[in-house]
Amino acid sequence: MSEPTLQTNPTAADQDVSLRIQGLRTCFPSEEGEVSAVNDVNLTLHRGKVLAIVGESGCGKSVTSFSILRLIRKPGRIANGKILYHPTGGEPVDILSLPEKSDRLYQIRGGDISMIFQEPMTALSPVHTVGNQICEAILLHQDVTKEEARRRAIEMLDKVGIPGADRRIDQYPHEMSGGMRQRVVIAMALVCNPDVLIADEPTTALDVTIQAQILQLIRDLQQERGTSVIFITHDLGVVAQIADEVAVMYLGRVVESGSVRQVLKNPLHPYTRGLLKSLPGMHGGRGGRLPAIKGSVPSLTQVPPGCPFHPRCEHALAGRCNTGGPPELESFPEGRQAACIRVNEILSQEQKDAR
């Protein structure tokens, strides 16, 4: 049976796109009924660029990344949407329309699109050597001999900065440090030369020094290979170092998007502003407590009416922000988007206060 593709002529805009997510909704059952961990998400990953997805824990970042590769475990399900993968020079493919056991899906998952998982100790098998695991990825997606796969694995381990790669390849994960294991996971993700790399908080468990090395490594390899990267993190400081574009998520929805320079320099949504104010060095003073967004992210079973962020928002107005459905993303100059009905009012007031 032939695999489904979208029979359209790629436009110039499409040729600049590696991945396009349209109306994605991913649901999980709960005692109170089905909840949407990701709800009506639309994202575009441009070719050769780094798109950062940021937000607090529980906002839907990782669920979005797992949905792209259809790794949502039952009873969770992808209820709606399209995930269009645009291979270089080829027709776009809707990943969600592919049969579960199709060869094309296997080719995309781990071949065309690879993923660096959040915790390397759980991503790696403890009973197999790192070499066996990297070689398995190569042999699964490429027609090479075992000897050639081993050679490529050693070459990639050396590429990601593991000293003595020809010796380390026969070690088990527990024989390596956290930084080394993270480099192995990166090597496994990159060894098949993917078009798209998804990095799901790859530096969360690492100390600051190793974190900086891993970020630089991903950036160098991305620029060298022209790989498109989705970088998932809760740290806006990391975003400033690595990303070209950024999408901010809250309670399963994208609430702001734009270039990293625009979003970090002039955030539009109150949630993005709160995240930036809580960064050390961004609050304009020394000593004392850092500013924090009041409250916490509500449960998906108790999503507030109106704007989901309004109970924590210092700009919320009763009767406007707490009624109806969640605000839609609105377009602003320079390709910006924000889901807040008061953006223009807030900006106007700030301009008056500055005079």
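Begin by selecting strand 1 (residues 17–28) and strand 4 (residues 77–85): the two run antiparallel and are joined by seven bridges. The model on display is predicted.

**The four-stranded sheet**

Within this pair of strands, select Arg25, which stands opposite Asn80 in strand 4. Then select Gln22, whose opposite residue in strand 4 is Lys82. Next add strand 5 (residues 93–94), which runs antiparallel to strand 4 and is joined to it by two bridges. Here Leu84 is the residue opposite Asp94 of strand 5.

Now display the complete sheet. Four strands make up this open sheet, in the order 2-1-4-5, and their pairing is antiparallel. Strand 2 (35–46) and strand 5 are the edges; each has a single partner strand, so one side of each has no neighbour in the sheet. Helix 2 packs on this sheet and touches strand 1, strand 2 and strand 4, its direction making about 115 degrees with that of strand 1.

From helix 2, follow the chain onward to Pro75, which lies in the loop between helix 2 (61–68) and strand 4. The peptide bond that joins Lys74 and Pro75 is cis, with omega at about 15 degrees. As general background, most peptide bonds are trans.

**Helix 5 and its two partners**

Select helix 5 (residues 130–141) together with helix 6 (residues 146–159). Their axes are 9 Å apart, and the helices pack at an angle of about 120 degrees. That angle makes helix 5 oblique to helix 6. The crossing of this pair, helix 5 and helix 6, is right-handed. To display the contact, choose Ile134, Cys135, Ile138 and Leu139 on helix 5, and Lys146, Ala149, Arg150, Arg152, Ala153 and Leu157 on helix 6. Coloured by class, the contact of helix 5 with helix 6 shows seven nonpolar and three charged residues, with no polar ones.

Keep helix 5 and replace helix 6 with helix 8 (residues 178–190). Helix 5 and helix 8 pack at about 20 degrees, with axes 9 Å apart. Helix 5 is consequently roughly parallel to helix 8. Their crossing, that of helix 5 and helix 8, is right-handed. Helix 5 contributes Val130, Gln133, Ile134 and Ala137 to the contact, and helix 8 contributes Val184, Ala187 and Met188. Six residues of the contact of helix 5 with helix 8 are nonpolar and one is polar, while none is charged.

Ile134 merits its own selection: this residue of helix 5 takes part in the contact with helix 6 and in the contact with helix 8.

**From helix 8 to helix 9**

Retain helix 8 and add helix 9 (residues 208–225). The two pack at an angle of about 15 degrees, and their axes are 11 Å apart. Helix 8 and helix 9 are therefore roughly parallel to each other. Helix 8 passes helix 9 in a right-handed crossing.

Which residues of helix 8 meet helix 9? They are Gly179, Gln182, Arg183, Ile186 and Leu190, and they face Ile210, Gln213, Ile214, Leu217, Ile218, Leu221 and Arg225 in helix 9. The contact of helix 8 with helix 9 comprises seven nonpolar, three polar and two charged residues.

**The eight-stranded sheet**

Turn next to the sheet of eight strands, which is open, has mixed pairing and follows the order 6-7-8-3-9-10-12-11. Its edges are strand 6 (113–116) and strand 11 (330–332), each of which pairs on one side only. From one strand to the next, the twist averages 20 degrees.

Inside this sheet, select strand 7 (residues 196–200) and strand 8 (residues 228–233), which run parallel and are joined by five bridges. Val196 is found opposite Ser228 of strand 8.

Then move to strand 9 (245–250) and strand 10 (253–259): helix 12 (residues 270–277) lies across both, running at about 105 degrees to strand 9. In the loop between strand 9 and strand 10, select Leu251. Phi of Leu251 is near 50 degrees, a positive value in a residue other than glycine. In general, most residues other than glycine have a negative phi.

**The aromatic residues**

For the last stop, select Tyr250, Tyr271 and Phe309, which form one aromatic cluster. The structure as a whole holds four aromatic pairs. To examine any such pair, note that the distance of the ring centres and the angle of the planes describe it.

Technical notes:
Residues numbered from 1 in each chain as written. Predicted model: local features only at pLDDT ≥ 70, side-chain atom pairs only at ≥ 80, totals over all residues. Heavy atoms only, no water. Phe/Tyr/Trp six-rings, centres within 6.5 Å; stacked < 30°, edge-to-face > 60°. Axes fitted to C-alpha atoms, helices over the stretch in contact; angles between N-to-C directions. Parallel < 35°, antiparallel > 145°, perpendicular 65-115°, else oblique. Left-handed = near helix turned anticlockwise from the far one by under 90°. Contact = heavy atoms within 4.5 Å. Nonpolar A, V, L, I, M, F, W, Y, C, P; charged D, E, K, R; others polar. Pairing = 2+ DSSP bridges.
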